[in-house]
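Colleague: I am new to this structure. Please show me how to read its features, one at a time.

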Amino acid sequence: PEKNKVLLFTDRKNTAPLMKSISKTYKDKLTIGEVKKSETELYEKYGITEVPTLMVITDPYEYKGEVYDTKEMKIDQLKKFLSNFAYSAPKIEKKLELINLTY
């Protein structure tokens, strides 16, 4: 997990040109993926109710992340948002599990 993960939840059949441009811009810094509407299990796990939704995954174990306001998807604002995550290491904290040993 050297790179932060970005998911675009969408109902589009094809990838939007804006997302293609963003993925090329951040190809070495972020892992970017699309989740189609048919992947209902992921929509439920991440609590997605509206499309499009762009989320940077901050806690993959709890299915949480920071959501970008997609009402106005302008490239400059989107780059500013993603740059916060592109140049920082993922903040992943694995939960400690305790096991009670009995003899």
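Modeller: We will go through salt bridges, a buried strand residue, aromatic pairs and two backbone features.

Modeller: First, the ground rules. This is a predicted model, where local features need pLDDT of at least 70, side-chain atom pairs count only at pLDDT 80 or more, and totals for chains, interfaces and linings use all residues. Residues are numbered from 1 along each chain as its sequence is written, and side-chain values use heavy atoms, with hydrogens and water left out.

Colleague: How many salt bridges does the count come to?

Modeller: Start with the rule. A salt bridge is a side-chain nitrogen of Lys or Arg within 4 Å of a carboxyl oxygen of Asp or Glu. By this rule there are 3 salt bridges. One of them joins the side chains of Glu34 and Lys36, at 3.2 Å from N to O.

Colleague: Are Glu34 and Lys36 buried or exposed?

Modeller: Use relative accessible area. Buried means under 20%, exposed over 50%, and partly exposed in between (1.4 Å probe, protein chains only). Glu34 has 29% relative accessibility, so Glu34 counts as partly exposed. Lys36 has 27%, so Lys36 is partly exposed too.

Colleague: How many residues apart are Lys45 and Glu41 in helix H2?

Modeller: Helices (H or I, at least four residues) and strands (E, at least two) are DSSP runs, numbered from the N terminus. Lys45 and Glu41 are 4 residues apart in helix H2 (residues 40-46), which means about one helical turn separates them. Their side chains meet in a salt bridge of 3.2 Å, N to O. Glu41 is exposed at 52%, while Lys45 is partly exposed at 36%.

Colleague: Where do Lys71 and Glu50 lie?

Modeller: Their side chains form a salt bridge of 3.3 Å, N to O. Lys71 lies in the loop between strand E4 (64-68) and helix H3 (75-86), and Glu50 in the loop between H2 and strand E3 (53-59), so the pair ties together parts that are 21 residues apart in sequence. Lys71 is exposed at 63%. Glu50 is partly exposed at 48%.

Colleague: Which residues does Thr10 touch?

Modeller: Contact means heavy atoms within 4.5 Å. Thr10 sits in strand E1 (residues 4-10) and is buried at 3%. Leaving out residues up to four places away in sequence, Thr10 touches Glu34, Val35, Lys36, Lys37, Tyr43 and Val51.

Colleague: How many aromatic pairs are found in the whole structure?

Modeller: Two values describe a pair of aromatic rings: the distance of the centres and the angle of the planes. Rings of Phe, Tyr and Trp (its six-membered ring) pair if their centres lie within 6.5 Å; planes under 30 degrees apart count as stacked, over 60 as edge-to-face and the rest as tilted. The search finds 5 aromatic pairs. Phe9 and Tyr43 have ring centres 5.1 Å apart and planes at 80°, so this pair is edge-to-face. The pair links distant parts of the chain: Phe9 in strand E1 and Tyr43 in helix H2, 34 residues apart. Both Phe9 and Tyr43 are buried. Tyr68 and Phe81 form a tilted pair, 5.2 Å centre to centre with 45° between the planes. Tyr68 is in strand E4 and Phe81 in helix H3, 13 residues apart.

Colleague: Which residues form one aromatic cluster?

Modeller: Phe9, Tyr43, Tyr46 and Tyr63 do.

Colleague: What is phi of Tyr63 near, and which peptide bond is cis?

Modeller: Most residues other than glycine have a negative phi, and most peptide bonds are trans. Phi of Tyr63 is near 55°, a positive value. Tyr63 lies in the loop between E3 and E4. The peptide bond from Val51 to Pro52 is cis, with omega near -5°. Pro52 lies in the loop between H2 and E3.
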